[in-house]
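User: I'd like a close look at just one part of this protein. Could you pick a helix and walk me through how it sits in the rest of the chain?

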Amino acid sequence: MSKVSNIMRLALLQLKGSKDKTVNVQNAVSKIEAVVKEHQPRLITLPECFNAPYGTKYFREYSETIPDGYTSQQLSNLAKKHQVYIVGGTIPELGENDAIYNTCTVWAPSGDLIAKHRKMHLFDIDVKGGIRFKESETLSAGNDFTTIDVDGHKIGIGICYDIRFEEMARLYRNEGCEMIIYPAAFNMTTGPLHWELLQRSRANDNQLFVVTTSPARDSSAEYVAYGHSMIVDPWAKIQKSAGDGEETVVADIDFSLVEQVRQQIPVFSQRRLDLYATARHGQ
Ligand SMILES: O=C(O)CCC(=O)C(=O)O
């Protein structure tokens, strides 16, 4: 599709979560209604696991089929009602053969599901004295890359831990993406260390916008999310970021910055691919 405009208004909803799925989804619904009324964004993003508590023991219980499950239907209706794109954070998805995935759904203004990204890199880490988490105890990994087209702008989708894998972001850049959106829920160990660093790194390496949307921090939850949903521009500057509480961030994205930085720092045409692809590669 040809580019309709270089400016796109985004709204990031950093939402409070709870153990009550209906409350979580209705909170998203009311925040979407509110931001549409006040700011008329073109694209709205939600957090990772926004309809359920984030924890391996909860994924199956809260899982739904896509697109006929309760959460999907709510997002589809809202996208259609308000003529917006919704990158619907993630929900635990009940897939084929009873497998559960951590899945991002993307809804077009028609109400149609235009993409579904299943987290490709499962969050399995063990930081001594910090955090141990093993998504693979209950989740299966997705195997497909996901890009969408919004008004002529190509956008890649990743989920949280996916951001640590620079190959995935590079692949999206090589496919022509101008932005990567990661619904995410970093924690109080890796958040302060790596949250901003990873976003600015992916933006800088690939000269595109990086957008993350986190749940709000709840210190009484079993998994305490870091918050600080963020938009980083292709110069690797933070355009806007949230604090740690429930918050809506609205920003106008200027996609002309992508071309600007790519022209002025043309690393993608300066790569010595002739030298990198050697026998040493992969060692
Ligand atoms: O990579 C990290 O430190 C956090 C990742 C995470 O929380 C997730 O994948 O859900």
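Analyst: **A close look at helix 1**

Let's take helix 1, residues 21-39, in this predicted model. With 19 residues at 1.5 Å a residue, helix 1 should span 27 Å, and its end C-alpha atoms are indeed 27 Å apart, so the two values agree.

Now for the sides of the helix. K21, N24, V25, A28, K31, I32 and V35 are its buried residues. Look down the axis of helix 1 and those buried residues fall within an arc of 125°, which means they line one face of the helix. Turn to the face pointing away from that buried side, and you'll find the exposed residues T22, Q26, S30, K37 and E38.

What does the buried side pack against? Its partners are strand 1 (7-14), strand 2 (43-45), helix 2 (56-62), helix 3 (70-82) and strand 15 (247-254). Just after helix 1 ends, Q40 takes a positive phi of about 45°.

Stepping back a little, the UniProt record, an unreviewed entry, annotates residues 8-255 as "domain: CN hydrolase". Across residues 8-255 the chain is 26% helix and 29% strand, and the end C-alpha atoms lie 8 Å apart.

Finally, a word on the core. In soluble globular proteins, nonpolar side chains tend to be buried together. Here the largest nonpolar core has 71 residues, and Y85, I86, V87, I180 and F209 touch the most other members. Take I86: setting aside neighbours within four places in sequence, I86 is in contact with I44, L75, L78, A79 and W107.

Methods
Residues numbered from 1 in each chain as written. Predicted model: local features only at pLDDT ≥ 70, side-chain atom pairs only at ≥ 80, totals over all residues. Core = buried A, V, L, I, M, F, W, Y, C linked by C-beta atoms within 7 Å. Buried ≥ 20, exposed ≤ 12 C-beta atoms within 10 Å, placed from the backbone. Contact = placed C-beta atoms within 7 Å. Helix = DSSP H or I, 4+ residues; strand = E, 2+ residues; numbered from the N terminus. Expected span 1.5 Å × (residues − 1). Arc of directions from axis to C-beta. UniProt positions renumbered as here; feature names shortened; annotations may be inferred.
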